[in-house]
Amino acid sequence: MMTKEELPECPVATTVSLIGSKWKLLIIRNLLVRPWRFNELKRDLEGIS
């Protein structure tokens with residue numbers, strides 16, 4: 001875990017650094033809208049394996 005001093009000043013950059021990879025953010029974005037089946041997510045997120 002990063003200390004407060006190691007985190008970026010920008011709140012968005014801090015959130016991204018804490019959550020992790022781009023796929024996690026995109027999956028969370030989709031799941032906030034509605035429940036998705038695994039294959040729906042896979043089809044919707046082009047390039048994910």
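The legends below accompany an overall view and several close-up views of a predicted model.

**View 1. The whole protein chain, a predicted model built from three helices and zero strands.** Read from the N terminus on, the elements of the protein chain follow the order α-α-α. The C-alpha trace extends over about 40 × 20 × 15 Å when taken along its principal axes. The protein chain has 49 residues, of which 10% count as buried, and its accessible surface amounts to about 4,400 Å², with 61% of that area belonging to carbon and sulfur atoms.

**View 2. T14, a buried residue of helix 1.** The residue T14 is found in helix 1, and its relative accessible area is 15%. T14 is classed as buried because this value of 15% falls under the 20% cut-off for relative accessible area. When residues up to four places away in sequence are not counted, T14 touches L7 and P8.

**View 3. E9, an exposed residue in the segment before helix 1.** Helix 1 covers residues 11-19, and E9 lies in the segment that comes before this helix. The relative accessibility of E9 is 84%, and E9 therefore counts as exposed, a class that requires a value over 50%. Also marked by its C-alpha atom is L26, which is 17 residues from E9 along the chain; the C-alpha atoms of E9 and L26 are separated by 22 Å.

**View 4. A nonpolar surface patch made by I19, I28 and L32.** The three side chains I19, I28 and L32 together make a nonpolar patch of about 280 Å² on the surface. One of these residues, L32, is found in helix 2, which comprises residues 22-33. L32 has a relative accessible area of 71%, and because the exposed class begins over 50%, L32 is counted as exposed.

**View 5. The charged end of R34 over the ring of W36.** In this close-up, the charged end of R34 sits over the ring of W36, at 4.1 Å from the centre of that ring. Which count of aromatic pairs results when ring centres must lie within 6.5 Å? By this rule the count is zero aromatic pairs, so the view shows the charged end of R34 over a ring and, with centres required to lie within 6.5 Å, there is no aromatic pair to describe.

Terms used: Residues are numbered from 1 along each chain as its sequence is written. This is a predicted model: local features need pLDDT of at least 70, side-chain atom pairs count only at pLDDT 80 or more; totals for chains, interfaces and linings use all residues. Side-chain values use heavy atoms; hydrogens and water are left out. Patches are made of residues with over 30% relative accessible area and no salt bridge: like charges are joined within 9 Å, nonpolar side chains (Val, Leu, Ile, Met, Phe, Trp, Tyr) within 5 Å. Accessible areas come from the Shrake-Rupley method with a 1.4 Å probe; for residues, only the protein chains shown count as cover. A salt bridge is a side-chain nitrogen of Lys or Arg within 4 Å of a carboxyl oxygen of Asp or Glu. Helices (H or I, at least four residues) and strands (E, at least two) are DSSP runs, numbered from the N terminus. Buried means under 20% relative accessible area, exposed over 50%, partly exposed in between (1.4 Å probe, protein chains only). Rings of Phe, Tyr and Trp (its six-membered ring) pair if their centres lie within 6.5 Å; planes under 30 degrees apart count as stacked, over 60 as edge-to-face and the rest as tilted. A charge sits over a ring if NZ of Lys or CZ of Arg is within 6 Å of the ring centre and within 35 degrees of the ring normal. Contact means heavy atoms within 4.5 Å.
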